[in-house]
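Work through the exercises below with the coordinates open. Each task is followed by a solution in steps.

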Amino acid sequence: MSAPRDVPSPLDVLRSLAEEQATYGLDELLKEARFLTEDPEDLQELEQAILLGTSVLDRLSEAQEREAALIGLVDSARELARAGTEGVGSVLRTAARAARRTLRSDVGCVALVDPASGDLTVVASEGDVTAFNLGLRMAGPSGLGQAALTKGAPFSTHDYLTDPTIEHATEIDRVVRAEGTRAIVAVPLQGASGPIGVLYASHRQVRRFTAREINSLSTLASLAAPLISTADTVESLGARKAALEEEESRTWQEIRTQRRLEAAYDHLLTLVHDGSGLDTVVEVAAVALDGALAVRDLKGNTLASHGHVPAYSDDQFLQRCLDAVTADEPVLLDDGVWIAPACGNGETLGTVLFLPGTPLTGQRSVRPLQVISRLLTVAVLLERSAALAEGGVRNDLLEALLAPPHSRRPQRQLDEQAQRLGIDPGGPHVLVLVCPDRESLQRVSAWSTFYAHRKRGLKGARNGCTMLLLPGDDASAAAHGAHDELSRLLKHPVTVCAAGPYTGLTRVPQLYEDARRCLDALTELGSSGVAATPQDLGFLGLLLADAFTVPGYVDSVIGPVLRYDAQRFTELARTLETYFASGASPRRAAKALHVHPNTVARRLERIGELLGLTWQEPARALEIQLALRLHRTLRTLHGRRAGSAHAESDSC
């Protein structure tokens, strides 16, 4: 038979507490006492002891939890301190991870304030299951974080999407819904000069945050905020330090380059002074500039080069050449090649092309190219002074050809000078007159230098217009060629007139007068921005010009036919008159002329050869008919004058 058990007493409660038994152990003592005794005093005393013991256990549990929280905060502080050495990004990620661990939440994240707009942007997140959270921008008063910043204190909600006290935004609600987040607490991150962001912790179930949890998160925020600011400052200082070091390295590199270039300048000056060849000077310059270098004349021919420089022949290259000449400084092409003008004696002599080994940045890096380009220009002038100083001589020759008869040099001297410049003094020439607007004068002047050399002609300027005396026998083609090229370069139409052809250089003044009258006619007609010749304007151009000469007009329209008749004793002019009078019918014209229709057909073919295939077009036909009538009138008047003079002599 077993011994009877003692009724549990308060001493057993103390013993249970001493043995660190949980609350359920005290409950077992109470159950056992109720089973062994029914004495109300004993039971009441035991119940009071158990109540006090439970209170002691609760306090011990709270103390342990606080201790665990403090240990967690200490660990988080250590992690944040270590992360501070790795940059602000590492601190932000560590803070988000620590927030999640401190509250045992599903998601922890950090959002920073944009100083300019005041908006919050999520920059670090831990525990998220979508890609929407990171980078989320919360503008204005919307969201829990803005509410916490406004209050300057923690702000929490047990169920975000259903909380009417929060100002919602569609984008924020979409991210919260995608993450499945319900309960959220936001704590401001206070920096030295104000709030710098918000620290969040959230659960995916509805719950309320305790004061102790909010205090723990606030403590973590107070630890993280200065570290974030410090890490950001350190990172900014590090970036500034790196920038300064890079600037220092670049400055020293520029100093070394400048010293090297100074030595190269001295060497180049010595070479140029001693008359060294252009190839030698270009090679030394290319090595000094650390790249490929080429010097080209106005026709595009390479005078000297070192290294490989791309070849160009399109309008874009000519456009950039004009840009460089107009600006008097190097211009960068799309492929990294620099074009610098080579100018001397007031004329453009060519271009210097430079392809650097490393891209040039800033005006200081381009300056050496400008200086060396001038040295190369001097070298070009010294080596080929006669050929490349031609520009000024060409200008002088055109002005001499246009001089008034009383002050003009002997024609023989002018012809000899033209021959020395490669111009045939006895060949056919046309004169092109370009009239640009005021803003384009400099570019047109630079272009005309290139164009005249390319066409082996002469260039000059008079009364705000640019003159080009070019070899050739087609004034219309010359006018349209210059108009099309220059309009493409200027990106707007330009007025161009041309006259000729005239054989020999003695009639250059007449070419200029014809072209100027054509330009005056275009101006009166309001037809700017086009290309034309006196033949294009016909009698309208002559009527609107300052001087109207009937013989000149007749000669310009049907001169070849009249000269053919005079030289071969034919009747092409009479056939033309009869053909037009017969309604352009060869058969009726043959009947009126009393010849066979085949004879008229052969004569019309010869007329087409002399006047061009377009002679029967309506506008051209009108010009020819008017010229024929004027020619017949002139012959009649001359005949009457001759008859009167003969009668007067007989009477005497």
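**Exercise 1.** The model is predicted. Decide whether His-308 is buried or exposed, then describe its surroundings.

*Solution.* Start from the relative accessibility, which is 64% for His-308. Exposed means over 50%, so His-308 counts as exposed. Next, locate the residue: His-308 sits in the loop that links strand E8 (302–306) with helix H9 (315–327). Then list its contacts, leaving out residues up to four places away in sequence: His-308 touches Ala-292 and Leu-355. Finally, take the C-alpha distance to Gly-291, which is 9.0 Å although the two residues are 17 residues apart in sequence.

**Exercise 2.** Check the length of helix H8 (residues 278–289) against its expected span.

*Solution.* H8 has twelve residues, and at 1.5 Å a residue the expected span is 16 Å. The C-alpha atoms at its ends are 16 Å apart, so the two values agree. Among the buried residues of H8 are Leu-278, Val-281 and Leu-289. Asp-290 follows H8 and has a positive phi, near 60°.

**Exercise 3.** Which strands stand at the edges of the sheet E13-E14-E12-E15-E16, and which helices lie across its strands?

*Solution.* The five strands form an open sheet with mixed pairing, in the order E13-E14-E12-E15-E16. Strands E13 (458–462) and E16 (531–532) each have a single partner strand, so they stand at the edges, with one side of each left without a neighbour in the sheet. For E16, two bridges join it in parallel to E15 (residues 495–503); Val-496 has Ala-531 of E16 as its bridge partner. Helix H14 (residues 441–454) lies across E12, E13 and E14, at about 5° to E14. Helix H15 (residues 475–490) lies across E12, E15 and E16, at about 150° to E15.

Terms used: Residues are numbered from 1 along each chain as its sequence is written. This is a predicted model: local features need pLDDT of at least 70, side-chain atom pairs count only at pLDDT 80 or more; totals for chains, interfaces and linings use all residues. Side-chain values use heavy atoms; hydrogens and water are left out. Helices (H or I, at least four residues) and strands (E, at least two) are DSSP runs, numbered from the N terminus. The expected span of a helix is 1.5 Å times one less than its number of residues. Buried means under 20% relative accessible area, exposed over 50%, partly exposed in between (1.4 Å probe, protein chains only). Contact means heavy atoms within 4.5 Å. Two strands pair if DSSP finds at least two bridges between them. Axes are lines fitted to C-alpha atoms, for helices over the stretch in contact, and angles run from 0 to 180 degrees between N-to-C directions.
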